[in-house]
Amino acid sequence: MSAYSEFFKPYFASGALQPCDGSVWVIHNGVTPDVDYEWKMHVAAYDVADWLRVAGVIMPWLIQKGVMFKTISPDDFSVERILSPTCCQYAKAFTIYPSSAPAFARVARGLDTLMCGARLQAGTKLVAGHNMSYEHALGHSGRIFYRMERDNMGRYMSTERAYRMNPACPYNPLNAPDPFVNLFTRTVPTHTR
């Protein structure tokens, strides 16, 4: 666990990360901390070594870009809670709160490019019962997932509530237009002779 704790020291010392009282998370407030955009994304990591590889690539970028996010607190209880395959929160290593649809698209593309460039692609290791298994995959890294977090009244929806509302589409329980469904589609170039 020491490598994990050591990784955090400069982020705490600089004030870039702050503990979230009474939770398993630490947070970077970003430049728009009070915006409650309806969609959020997660970046998956599957154990401490995997988290360290991913964090070393994406955390400096997220902080430099002023993106609000939270990640796992550097203590045994928090790490066991999020990085244990027996817990429903498994693999939810980073939660990212973009401020708008354009910000979401920029962040998703940036993260995917960073992780693919660093060869951090991962096959999914999520099964039914893990909260993130009800989310929609995004990009080419195999690590980004997203879901609607707010109902039409702006209230938070847990994964369980979203699933109860719409078991056929729990990542988008209101069946709202999904602004990101084609974010990473590739177009085939046309060739002329």
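Buried means under 20% relative accessible area, exposed means over 50%, and partly exposed lies in between. Keep these cut-offs at hand. The model is predicted.

**Exercise 1. A salt bridge between distant parts**

Task: Are Asp-50 and Arg-143 buried or exposed? Which parts of the chain does their pair link?

Solution.
- Step 1. Check the bridge. The side chains of Asp-50 and Arg-143 form a salt bridge, with N to O at 2.7 Å.
- Step 2. Place the partners. Asp-50 belongs to helix H2, and Arg-143 sits in the loop between strand S6 (136-138) and S7. They are 93 residues apart, so the pair links distant parts of the chain.
- Step 3. Apply the cut-off. Both Asp-50 and Arg-143 are buried. Each therefore has under 20% relative accessible area.

**Exercise 2. Two more salt bridges**

Task: Classify Lys-9, Glu-6, Arg-155 and Asp-151 as buried or partly exposed.

Solution.
- Step 1. Start with the count. The whole structure holds eight salt bridges.
- Step 2. Take Lys-9 and Glu-6. Their side chains meet at 2.8 Å, N to O. Both residues lie in helix H1 (residues 2-14), three residues apart, which is about one turn of the helix.
- Step 3. Read the accessibility. Lys-9 has 48%, so Lys-9 is partly exposed. Glu-6 has 46%, so Glu-6 is partly exposed too.
- Step 4. Take Arg-155 and Asp-151. Their closest N and O atoms are 2.9 Å apart in a salt bridge. Arg-155 is partly exposed at 46%, whereas Asp-151 is buried at 7%.
- Step 5. Look for shared partners. Salt bridges join Lys-40, Glu-149 and Arg-150 into one network.

**Exercise 3. Rings around Tyr-146**

Task: How are the rings of Phe-104 and Tyr-146 arranged? How are those of Tyr-146 and Phe-180 arranged?

Solution.
- Step 1. Recall what to read. A pair of aromatic rings is described by the distance of the centres and the angle of the planes. The structure has 16 aromatic pairs.
- Step 2. Take Phe-104 and Tyr-146. The centres are 5.7 Å apart and the planes are at 70 degrees, an edge-to-face pair. An angle over 60 degrees counts as edge-to-face.
- Step 3. Place this pair. Phe-104 is in helix H4 (residues 101-117) and Tyr-146 is in strand S7 (residues 144-148), 42 residues apart.
- Step 4. Check burial. Phe-104 is buried at 0% relative accessible area. Tyr-146 is buried at 0% as well.
- Step 5. Take Tyr-146 and Phe-180. The centres lie 5.9 Å apart and the planes are at 85 degrees, so this pair is edge-to-face. Phe-180 is in the segment after helix H5 (159-165), 34 residues from Tyr-146. Phe-180 is buried, with 2% relative accessible area.

**Exercise 4. Clusters and cores**

Task: Which residues have the most contacts inside the largest nonpolar core? Which helix gives the most to this core?

Solution.
- Step 1. Find the core. The largest nonpolar core has 47 residues, and Trp-51, Phe-94 and Leu-111 have the most contacts inside it.
- Step 2. Find the helix. Helix H2 (residues 48-64) gives the most, with seven residues.
- Step 3. Follow Leu-111. Beyond its neighbours within four places in sequence, Leu-111 touches Met-41, Val-43, Ile-58, Trp-61, Leu-62, Ile-96 and Ile-144.
- Step 4. Separate the other core. Another core, of eight residues, lies apart from the largest one and includes Ala-44, Tyr-90, Met-132 and Phe-145.
- Step 5. Return to Trp-51 and Phe-94. Ring pairs link them with Phe-7, Phe-8, Tyr-11, Phe-12 and Phe-69 into a cluster.

Note on methods
Residues numbered from 1 in each chain as written. Predicted model: local features only at pLDDT ≥ 70, side-chain atom pairs only at ≥ 80, totals over all residues. Heavy atoms only, no water. Phe/Tyr/Trp six-rings, centres within 6.5 Å; stacked < 30°, edge-to-face > 60°. Helix = DSSP H or I, 4+ residues; strand = E, 2+ residues; numbered from the N terminus. Buried < 20%, exposed > 50% of the residue type's maximum accessible area, 1.4 Å probe, protein only. Core = buried A, V, L, I, M, F, W, Y, C linked by side-chain atoms within 4.5 Å. Contact = heavy atoms within 4.5 Å. Salt bridge = Lys/Arg side-chain N within 4 Å of Asp/Glu carboxyl O.
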